[in-house]
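Visitor: I should like to learn how a helix is read in a model. Please take one as an example.

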Amino acid sequence: MLYFLLIPTNFISNQKLIILSLIFVVTYLIPLLILAVFKKLKIIENYQTESIKERKLPVALMVTLFYVLGNTLNTIAHLKDLGLLFYATSLGLFIVYLLFYFKIKASLHMFSLGIPIGFFMILSNLYSQPFLIIIILLFLLSGLVASARLNLRAHTTKEIYIGFFAGVLSSLSMYYLL
């Protein structure tokens, strides 16, 4: 939603609502449904998916979902940069998935905060508009979430940093790759 508030587009309100609805369904409702089905089928024990084994299949499905969403948005005129966000998310999740084979569990909470930081850095460059306030607020929010994840003992400091930098770097690298 922040994207449509900050970036000038030629879309009318109805079109924006349809695009935001699509993004909401693909990034929130479908993953929630997948987790509910996995829990019902006992593929995962709980919604925290604490172990690497439990995270593999959900993350692999998210790689696919975000890639398909990136492809869909990329075909809509004037939404290529928003498509870039979802390609970057797919790339970053793929990297997180590859890290599982090295027994490394990255924080997906921090990953999901690193992605928009990198994305708004890219948008600042693309549109020559400083989104510094948003980037600073996202960094502050990242610090709060990282502290919470550490206090809950959900992750180690290493896992926090890996997740965060996987998000930021996948956004930045996707911009330079495409």
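Guide: Helix α7, residues 157–177, has 21 residues and should span 30 Å at 1.5 Å a residue; its end C-alpha atoms lie 29 Å apart, which agrees. The expected span is 1.5 Å times one less than the number of residues, and helices are DSSP runs (H or I, at least four residues) numbered from the N terminus. This is a predicted model, in which local features need pLDDT of at least 70, side-chain atom pairs count only at pLDDT 80 or more, and totals for chains, interfaces and linings use all residues. Residues are numbered from 1 along each chain as its sequence is written, and side-chain values use heavy atoms, without hydrogens and water.

Visitor: Which residues of α7 are buried?

Guide: An α-helix has 3.6 residues a turn, so residues three or four places apart point the same way. In α7, the buried residues (under 20% relative accessible area, 1.4 Å probe, protein chains only) include Ile-160, Gly-163, Phe-164, Gly-167 and Met-174. Viewed down the axis of α7, the buried residues fall within an arc of 165 degrees, so they line one face. The face turned away carries Lys-158, Leu-169, Tyr-176 and Leu-177, which are exposed (over 50%).

Visitor: Against which helices do the buried residues of α7 pack?

Guide: They pack against α4 (80–100), α5 (108–127) and α6 (132–151).

Visitor: How is the packing of α4 and α5 described?

Guide: Two packed helices are described by the angle between their axes and the distance between the axes. For α4 and α5 the angle is about 145 degrees, and the axes are 10 Å apart.

Note on methods
Helices (H or I, at least four residues) and strands (E, at least two) are DSSP runs, numbered from the N terminus. The arc is that of the directions from the helix axis to the C-beta atoms. Contact means heavy atoms within 4.5 Å. Axes are lines fitted to C-alpha atoms, for helices over the stretch in contact, and angles run from 0 to 180 degrees between N-to-C directions.
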